[in-house]
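User: I'd like to learn how to read a few features off a model, informally, one at a time. Could you walk me through them, starting with burial along a helix?

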Amino acid sequence: RASQKHFSGVFQELVPEGRGTIEMKTKQAKPKNADDMEDEDDFSESDENGDESQISKVKRYSGVRIKVSFTGSGETFSMNQLSGGQQTVVALALIFAIQRCDPSPLYVFDEIDSALDSQYRTAVANMIGKYSEERKATRQLRQLYQPTTFRP
C-alpha cells in the first residue's frame, strides 16, 4: 500500500507533465464450502466495510492496475497501450516507489535506457544521482545503484 502512495510522486518526478496512479488488484478467494460462488476481481478498497454474505471471504492481492498520462491532461492509459519507452518509465517509477518504502541494498539496472527518449533518460539519471547523493549525505551507504549502458 505504501508503494501506491509513492508511485504518483515518483512518476511525476520522471514525467513532470504527467500523472500516474496504481491500484492493488485483489481477488476474493472462493470459500471451500460454497462451490457456487465465483471468484471476483476487485479494485476497490471500500469493500472491506461493505456487507458481505455470511460466508467469509479472504482478500488476496493478485496484481496491480496502473493508469498513466504522459501529458497530464486527458485520457489515462494502461500498460498495454503504451510504447516500449513509456512502459520502461512506468516500470522504473514502480521500482523507485517500492524502493522508497522497502529499500534494497543493491540495484543493478542493465541497459534500462535502451528504450528511453533522451528526456526520460536524463530524468532517470537525475533520479539515480539524487538518491545516491541523499544516501551519501545521510551516511546511509547501504544502497548501491549500478546502471550499465552503451550510451556515452
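User: Which residues of α2 are buried?

Analyst: The general idea is that an α-helix has 3.6 residues a turn, so residues three or four places apart point the same way. Buried means under 20% relative accessible area, exposed means over 50%, and partly exposed is in between (1.4 Å probe, protein chains only). In α2, the buried residues are Gly 85, Thr 88, Val 89, Val 90, Leu 92, Ala 93, Phe 96, Ala 97 and Gln 99. Helices (H or I, at least four residues) and strands (E, at least two) are DSSP runs, numbered from the N terminus. One caution: this is a predicted model, where local features need pLDDT of at least 70 and side-chain atom pairs count only at pLDDT 80 or more, while totals for chains, interfaces and linings use all residues. Residues are numbered from 1 along each chain as its sequence is written, and side-chain values use heavy atoms, with hydrogens and water left out.

User: What span should the 18 residues of α2 have?

Analyst: The expected span is 1.5 Å times one less than the number of residues. For α2 that gives 26 Å, and the end C-alpha atoms are 26 Å apart, so the two agree.

User: How many salt bridges are there?

Analyst: Side chains of opposite charge can pair when their charged atoms come close. The rule used here wants a side-chain nitrogen of Lys or Arg within 4 Å of a carboxyl oxygen of Asp or Glu, and the count comes to two. In one of them, Arg 100 meets Glu 13 at 2.4 Å, N to O. That pair links distant parts of the chain, with Arg 100 in helix α2 (residues 84-101) and Glu 13 in helix α1 (residues 2-14), 87 residues apart. Lys 130 also bridges to Glu 13, at 2.9 Å, N to O. Here too the parts are distant: Lys 130 is in helix α3 (residues 118-137), 117 residues apart from Glu 13 in α1. Since partners are shared, Glu 13, Arg 100 and Lys 130 join into one network.

User: Are those three buried or exposed?

Analyst: In between: Arg 100 is partly exposed at 28%, Glu 13 is partly exposed at 32%, and Lys 130 is partly exposed at 35% relative accessibility.

User: How many aromatic pairs are there?

Analyst: Rings of Phe, Tyr and Trp (its six-membered ring) pair if their centres lie within 6.5 Å; planes under 30 degrees apart count as stacked, over 60 as edge-to-face and the rest as tilted. The count is six. One of them is Phe 11 with Phe 70, edge-to-face at 5.3 Å centre to centre and 80° between the planes. Phe 11 lies in α1 and Phe 70 in the loop between β3 (59-69) and α2, 59 residues apart. Phe 11 is buried at 0%, and Phe 70 is buried at 11%. Ring pairs also link Phe 7, Phe 11, Phe 70 and Tyr 120 into a cluster.

User: Which residues touch the most other members of the largest nonpolar core?

Analyst: A nonpolar core is a set of buried Ala, Val, Leu, Ile, Met, Phe, Trp, Tyr and Cys residues joined through side-chain atoms within 4.5 Å. Of its 26 residues, Phe 7, Phe 11, Leu 14 and Phe 70 touch the most other members. α1, β3, α2, β4 (106-110) and α3 each supply at least two residues.

User: Where is confidence lowest?

Analyst: pLDDT is the predictor's confidence in each residue, from 0 to 100. Confidence is lowest in strand β2 (residues 41-42), at a mean of 50, and highest in α2, at 91.
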